[in-house]
Each structure stands twice: as structure tokens, then as C-alpha cells.
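Please examine the sequence and the structure shown here before reading further. The explanation that follows moves from the interior to a pocket.

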Amino acid sequence: DTMSQGVIFRDASGRIISANPAAERIFGRKLSDMIGKTSAEIHEQALREDGTVLPAGSFPADVALRTGQPLSGVVMATLNPVENDYRWLSVNAVPIFPPGADTPSLVYILFDDITERRRIERDLREARDHLELARILAQHAALAIENARLYADAKRHTTRVSALNTALRVLSAQRSLAPLLHEIARQALNLSGFFQATVLLP
């Protein structure tokens, strides 16, 4: 049997009466170990899609038998004892009624192993989260660089204003032109970064 989907039939009491090889592989159990057992006996540590415990009586086969209504795409996890890891399943359960009966005598369960698909979806979510984090960090870095540039510009502007104020103070305090020119030259040196300058007076 090369069918990838698991197939199980359960009787009216919810006990397994047949299962295909794919079901054996996905569950990690031999058919002889599953025959006659209920969902709760096979899946002792089953989980709901949100990761909480799936209690007895809440399995898709149980609900389909109890309500007489089919279920489609129920996501659950079962612990595979061979792999010692969970297998995630998408389960369809269809009740089967004998002619003229109001209650089902069997339930047909078809399920897909979606473990790998869920892993890929999780990896994609994590990758998107990492990209978003990188984008936010890049924005903060760009803002920090811009703030540093603005601070440097403001500092240079403050230095220029301070030099101008010093020159004006000298102008108001000195009546001779020579000291004023010397002070202006000194302030210009501070702004230009040169170490020495000569002021030529007429």
C-alpha cells in the first residue's frame, strides 16, 4: 500500500477494526497493537491544535459517532512512540449509517500527516519575525546616526557663535585695532584648525 494518507475504520463503540499501513507508520504502531482500541487508548498524550491536551471523548471519531455529523480538517497531534516525537495530523471523520438507521455503526477516518508543513510554516514565521526585528534595528541605527550628525552640527554652530561673541566683546573693550585683529585671528585659528597665523597690519 503506497497511500500516504492514513485510513482507519472504527466500530460504533469507537474501537479500531482496520487500519492501513500509512496509519501504522504515522502512529508508530503495528495494526495488531491497535485493533480493538479506542482513540484515547491509542493517543494517550494527544494534543489539540493550540497545544493543550485532547481529552477522551473529544477525538474526531468520537465526536462523529456521537453527533452523527462529519468533521473535516481537525488538527491534532499524536505521540509516535518509535520516533518519540509528535506527529501533527489533519483529520476527517465520516460516520457511516446502516440503511434506515438513525445512529452510525462505523466511522471512517482519513488523515494527513502535516508535521513537515507545520515546521515549514513555523520557520517562515520565525524568518519574518527576524526580518522585522532587523528592519526595526536598522531604523534605530539610522536614527542614531542622524542624531549624532545633528549633534555635531549643533556643536560646530555653538563654537562659531562663541567665537563671534568673544570677538564682539574684544571689539567693545578695545579701542586699538591691533588687539581686535589679533583676537579675530586667534578665533579664526580655533575654527580652522591651524596652529599659527600672522596678522599683517597696515
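Against which elements do the buried residues of α4 pack? In this predicted model, they pack against β1 (6–11), α3 (39–42), β4 (71–80), β5 (85–96) and β6 (106–113). Helix α4 spans residues 60–67, and because 6 of its 8 residues are buried, the helix is largely enclosed by the rest of the structure. "Buried" here means a relative accessible area under 20%. The residues concerned are P60, A61, D62, V63, A64 and L65. After the helix comes G68, which has a positive phi, near 75°.

The interior may now be considered as a whole. The largest nonpolar core contains 21 residues, and those with the most contacts inside it are I8, F27, M76, L89, V107, I109 and F111. At least two residues of this core come from each of β2 (16–19), α1 (21–27), α4, β5 and β6. Another core, of 5 residues, lies apart from it and includes L47, V75, W88 and I114.

I109 offers a detailed example. Beyond its neighbours within four places in sequence, I109 is in contact with G6, V7, I8, R10, A61, V91, N92 and A93. One of these partners, A61, is among the buried residues of α4.

The last feature is the largest pocket, with a volume of about 210 Å³. Its lining includes V75, W88 and I114, which also belong to the core of 5 residues. Helix α5 (residues 115–173) provides the largest share of the lining, 8 residues. By character, the lining residues comprise 3 nonpolar, 1 polar and 8 charged; among them are E49, R117 and R125.

Notes
Residues are numbered from 1 along each chain as its sequence is written. This is a predicted model: local features need pLDDT of at least 70, side-chain atom pairs count only at pLDDT 80 or more; totals for chains, interfaces and linings use all residues. Side-chain values use heavy atoms; hydrogens and water are left out. On a 1 Å grid over the protein atoms alone, a cavity is a set of points where a 1.4 Å probe fits but cannot get out, and a pocket is an open set with protein on both sides within 12 Å along at least five of seven lines; lining residues have an atom within 4 Å of a point. Grid points are joined across faces, edges and corners, and a volume is the space filled by probe spheres set on the points. Helices (H or I, at least four residues) and strands (E, at least two) are DSSP runs, numbered from the N terminus. Ala, Val, Leu, Ile, Met, Phe, Trp, Tyr, Cys and Pro count as nonpolar, Asp, Glu, Lys and Arg as charged, and the others, Gly among them, as polar. Buried means under 20% relative accessible area, exposed over 50%, partly exposed in between (1.4 Å probe, protein chains only). Contact means heavy atoms within 4.5 Å. A nonpolar core is a set of buried Ala, Val, Leu, Ile, Met, Phe, Trp, Tyr and Cys residues joined through side-chain atoms within 4.5 Å.
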